[in-house]
Amino acid sequence: MKDRLARLKAIKQLIKNNRIANQDELLTRLKKNGFDVTQATLSRDLKLLKVGKVSDGNGGYIYTLPGDDERTESTQIFAQDFLRGYVSIDWSGNIVVIKTFGGHADSVSNALDCLNMDEILGTVAGDNCIFACLRAGVTGEQFMTALKQRIPDIED
């Protein structure tokens with residue numbers, strides 16, 4: 001029983017810390033961690049752990065644990081709010097200026113805040129413009145790279 005519990009814990013850790021797309025990939029990672037498991041056993045383990053699949057944002061799917069899918073769904077909603085309201089993004093030094101459609105700055109700023117980006121110190125929203133202050137050492141290019149990881153559909 002101890003081996004099974006250790007294997008279940010390892011599966012959870014692998015799914016939490018990696019973007020795993022299929023059972024073959026998970027089996028390979030488990031074997032690298034010293035677990036010799038069959039596909040049938042892994043299938044039962046995944047069912048027991050209530051592992052699901054969610055979109056990876058690039059046309060594929062990745063495994064997720066219960067609770068993770070709600071967070072992923074929230075992130076997708078915030079991304080949609082951002083995309084629906086923003087017009088352009090530019091920066092100078094550690095200040096990012098995001099222009100929005102009239103009346104959308106508040107919802108776009110809220111979406112940005114809820115994405116919990118480490119690169120951002122804080123945001124201030126007006127009616128059609130947002131100022132985001134970046135943390136020391138973070139460039140506008142780094143901010144855009146991080147934003148595109150969370151919102152792949154964003155345009156420069």
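**Close-up views of a predicted model**

**View 1. R84 and D81 lie in helix 4 (residues 68-85), three residues apart, about one turn of the helix.** In this predicted model, R84 and D81 form a salt bridge whose closest N and O atoms are 2.7 Å apart. D81 has a relative accessibility of 23% and therefore counts as partly exposed. Side chains of opposite charge can pair when their charged atoms come close.

**View 2. E25 and R29 form a salt bridge within helix 2.** The two residues are four positions apart in the chain, about one turn of the helix. Their closest N and O atoms are separated by 3.6 Å. E25, at 24% relative accessibility, is partly exposed, and R29, at 28%, is also partly exposed.

**View 3. A salt bridge joins D45 of helix 3 to R7 of helix 1 (residues 2-17).** The N to O distance between these side chains is 2.5 Å. The pair links distant parts of the chain, its members being 38 residues apart. D45 is buried, with 2% relative accessibility, and R7 is buried as well, at 13%. In the whole structure, a search finds three salt bridges.

**View 4. Helix 2 (residues 23-32) and helix 3 (residues 39-48) cross at roughly 100 degrees.** Their axes come within 11 Å. Angles of 65 to 115 degrees count as roughly perpendicular, so this description applies to the two helices. Helix 2 contributes Q23, L26, L27 and L30 to the contact, while helix 3 contributes Q39, L42, S43 and L46. By class, five of these residues are nonpolar and three are polar, with no charged residues.

Technical notes:
Residues numbered from 1 in each chain as written. Predicted model: local features only at pLDDT ≥ 70, side-chain atom pairs only at ≥ 80, totals over all residues. Heavy atoms only, no water. Axes fitted to C-alpha atoms, helices over the stretch in contact; angles between N-to-C directions. Parallel < 35°, antiparallel > 145°, perpendicular 65-115°, else oblique. Contact = heavy atoms within 4.5 Å. Nonpolar A, V, L, I, M, F, W, Y, C, P; charged D, E, K, R; others polar. Salt bridge = Lys/Arg side-chain N within 4 Å of Asp/Glu carboxyl O. Buried < 20%, exposed > 50% of the residue type's maximum accessible area, 1.4 Å probe, protein only.
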